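Student: I have just opened this structure and would like to learn how to read it. Could you walk me through some of its features?

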Amino acid sequence: MASFLKMRQFALCHQKKIWHGASGCRSISNTATKTQLEFDYNGPSMKTAVPGPRSHELLKQLGDIQNVGAINFFCNYEESKGNYLVDVDGNRMLDIYTQISSIPIGYNHPALLKLMTDPNNMSAFVNRPALGILPPENFAEKLSESLLTVAPSGMTRVQTMACGSCSNENAYKAMFIWYKNKERGYSAPSEEDHNTCMVNQAPGCPDLSILSFMGGFHGRTLGCLATTHSKSIHKLDVPTFDWPIAPFPRLQYPLEEFSRENAQEEARCLEEVEDLIVKWRQKGKPVAGIVIEPIQAEGGDNHASPNFFRSLRKIAQKHDVAFHVDEVQTGGGSTGKFWAHEHWGLDDPAEIVSFSKKLLTGGYYHKDELQADKPYRIFNTWMGDPSKNLFLVEVLNVIRKENLLDRVTRSGAALLNGLYELQAQYPGILSRARGQGTFCAIDVRDDATRNNILLKARDRGVLLGGCGDRSIRFRPALIFQEYHVHLFLNIFNDVLDEFK
């Protein structure tokens with residue numbers, strides 16, 4: 001409790017712009033007050049309830065055109081800076097959700113604004129090519145400068161796409177094609193294969209499957225929905241495939257206090273995975289691949305140990321099925337490493353790693369053997385966007401120059417410690433604080449209370465996101481610093497105090 005009061009005192013001092021040495025107000029650490037971002041505001045500033053009058057007007061206007069049920073409010077992106085999102089009513093909010101975990105280095109970062117003013121980049125923004133047939137001259141060079149510099153261990157190939165869902169969708173196709181080519185001994189498909197696929201029949205359309213996990217989220221397109229098991233609203237009324245679904249470990253937190261119980265739970269789930277692979281092969285629907293998130297994000301920020309993932313990798317290798325790690329939300333540095341799967345300590349982590357969100361473009365890395373064997377097998381019009389690779393080069397430069405992964409580790413430790421103290425202070429409201437880096441979450445006693453807390457926090461100038469049945473997830477940008485943590489904890493404490 002004492003340390004939380006210190007954090008609260010620091011947050012109040014920072015809001016008043018009183019720094020170390022002034023009025024006896026001291027920082028938690030030198031790191032916390034070393035620098036303030038030049039393009040950041042000094043705190044939230046609220047003028048109206050959210051959504052405000054202007055947002056309500058725009059909501060009605062857009063509502064005449066499309067479904068607006070999911071819209072929270074309308075934004076003024078020109079005025080948004082750093083860790084702060086400004087809405088059209090002039091409310092300035094500390095954004096710890098960042099467009100569903102997809103803003104890497106904050107709003108209107110100077111490095112990205114500068115890139116937009118460089119005339120040498122104009123063509124990449126004006127002319128969006130069909131990359132699969134007419135790529136620009138420097139496309140390979142730009143991929144080498146961006147995506148390939150952060151390629152997962154053992155991977156030298158990357159296929160760009162536009163978003164997370166289409167990245168996973170095409171990764172699934174790549175796994176099926178790879179599996180069938182192996183099965184045929186890499187001989188050419190038969191005439192029967194060609195003819196039957198045109199009428200959705202076997203053998204041209206084989207009855208293969210992908211094993212996924214309960215609580216997982218991999219996208220909202222048709223193939224991805226067959227592997228998404230987080231919320232019914234994503235899947236309701238949509239036909240799907242009969243593919244195997246394994247249990248994801250339901251661990252007890254803090255992890256270090258329940259190591260024996262958690263190891264037993266993970267062993268149970270691993271045994272079920274292996275049983276399902278055998279059963280689906282016997283059913284005539286062999287598993288071509290396994291897909292999993294390093295941390296189940298949309299499904300409730302569910303964790304598993306590195307040993308669980310290492311064992312799962314061995315099961316995939318034993319049964320000769322592809323292992324697909326979905327890093328759409330966890331990739332890009334928010335766990336303290338660029339890829340969350342790096343925490344597993346594997347030199348050969350997967351056959352496929354998909355990405356999007358903080359990497360600004362979508363796509364998947366893959367081993368050589370999962371390269372499409374013919375043109376147009378993995379294909380669409382855009383297949384990504386070269387301008388996003390330009391942005392990514394700058395984002396990666398900022399991450400390296402400013403040591404942002406180290407900052408994430410420090411800020412994440414401060415955030416998680418603060419959440420631990422808050423759940424001790426409010427045991428009837430909060431539980432199961434957990435996280436890796438700033439990729440953190442905490443459970444609320446029920447769904448209604450969780451949603452109410454999110455709204456009250458927003459009206460006080462903090463944007464948070466929900467996930468799972470009753471969790472709050474924290475997804476700040478990589479530039480989120482320790483003093484932002486203290487500002488947040490101060491406001492969050494005041495919100496929680498209303499629920500005592």
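**Reading helices, sheets and loops**

Tutor: Happy to! Let us begin with a pair of helices: α11 passes α12 in a right-handed crossing. Please keep in mind throughout that this is a predicted model.

Student: At what angle do α11 and α12 pack, and how far apart are their axes?

Tutor: The angle is about 15°, and the axes lie 11 Å apart. Angles under 35 degrees count as roughly parallel. That is why α11 is described as roughly parallel to α12.

Student: Which residues in α11 and α12 meet?

Tutor: From α11 come Glu266, Cys269, Leu270, Val273, Glu274 and Ile277, and they meet Phe308, Ser311, Leu312, Ile315 and Lys318 of α12. By character, the residues of this contact divide into seven nonpolar, one polar and three charged.

Student: Now I would like to try another pair. How do the axes of α15 and α16 cross?

Tutor: Find helix α15 at residues 447-459 and helix α16 at residues 482-497; their axes come within 10 Å and cross at roughly 130°. The two helices are therefore oblique to each other. Their crossing is right-handed.

Student: Which residues of α15 and α16 meet?

Tutor: Look for Ile453, Lys456 and Ala457 in α15, which meet Phe492, Val495 and Leu496 in α16. The residues of this contact divide into five nonpolar, no polar and one charged.

Student: While we are on α15, is Arg458 buried or exposed?

Tutor: Residues under 20% relative accessible area count as buried. Arg458 lies in helix α15, and its relative accessibility is 10%, so Arg458 counts as buried.

Student: What is Arg458 in contact with, leaving aside its neighbours within four places in sequence?

Tutor: Its contacts are Met46, Val50, Pro51, Asn72, Phe73, Met93 and Leu463. You can also pick out Leu94, which is 364 residues away from Arg458 along the chain, with 8.9 Å between the C-alpha atoms of the two.

Student: Let us turn to sheets. How do strands of a sheet pair?

Tutor: The general idea is that they pair through backbone hydrogen bonds, and the strands may run parallel or antiparallel. Here, four strands make an open sheet in the order β10-β11-β14-β13, with antiparallel pairing. At the edges are β10 (430-436) and β13 (465-467), each of which pairs on one side only. From one strand to the next, the twist averages 30°.

Student: What packs on that sheet?

Tutor: Helix α14 (residues 404-425) does, touching β10, β11 (439-444) and β14; the direction of α14 makes about 170° with that of β10.

Student: How can I follow the pairing strand by strand?

Tutor: Follow the bridges. Five of them link β10 and β11 in the antiparallel sense, and Gly435 has Cys440 in β11 as its bridge partner. β10 and β11 form a hairpin with two residues between them, and in the turn Gly437 has a positive phi of about 65°. At the other edge, β13 pairs with strand β14 (residues 471-474) over three bridges, again in the antiparallel sense. There, Gly465 stands opposite Arg473 in β14.

Student: How many residues of strand β3 are buried?

Tutor: In β3 (residues 157-161), four of the five residues are buried, so the strand is largely enclosed by the rest of the structure. β3 runs antiparallel to β9, joined to it by five bridges, and Thr160 stands opposite Gly363 in β9.

Student: Last, I want to look at the backbone. Which residues does a cis peptide bond join?

Tutor: One cis bond joins Ala202 and Pro203, with omega about 5°; Pro203 sits in the loop between α9 (191-197) and β4 (209-213). Another joins Tyr253 and Pro254, where omega is about -5°. Look for Pro254 in the loop between β5 (245-246) and α11 (259-282).

Student: Which residue other than glycine has a positive phi near 70°?

Tutor: That is Ser101, found in helix α4 (residues 98-101). At 0% relative accessibility, Ser101 counts as buried. Met383 is also not a glycine, yet its phi is positive, about 50°. Met383 lies in the loop between β9 (362-366) and α13 (386-401), and with a relative accessible area of 5% it is buried.

Technical notes
Residues numbered from 1 in each chain as written. Predicted model: local features only at pLDDT ≥ 70, side-chain atom pairs only at ≥ 80, totals over all residues. Heavy atoms only, no water. Axes fitted to C-alpha atoms, helices over the stretch in contact; angles between N-to-C directions. Parallel < 35°, antiparallel > 145°, perpendicular 65-115°, else oblique. Left-handed = near helix turned anticlockwise from the far one by under 90°. Contact = heavy atoms within 4.5 Å. Nonpolar A, V, L, I, M, F, W, Y, C, P; charged D, E, K, R; others polar. Pairing = 2+ DSSP bridges. Buried < 20%, exposed > 50% of the residue type's maximum accessible area, 1.4 Å probe, protein only.
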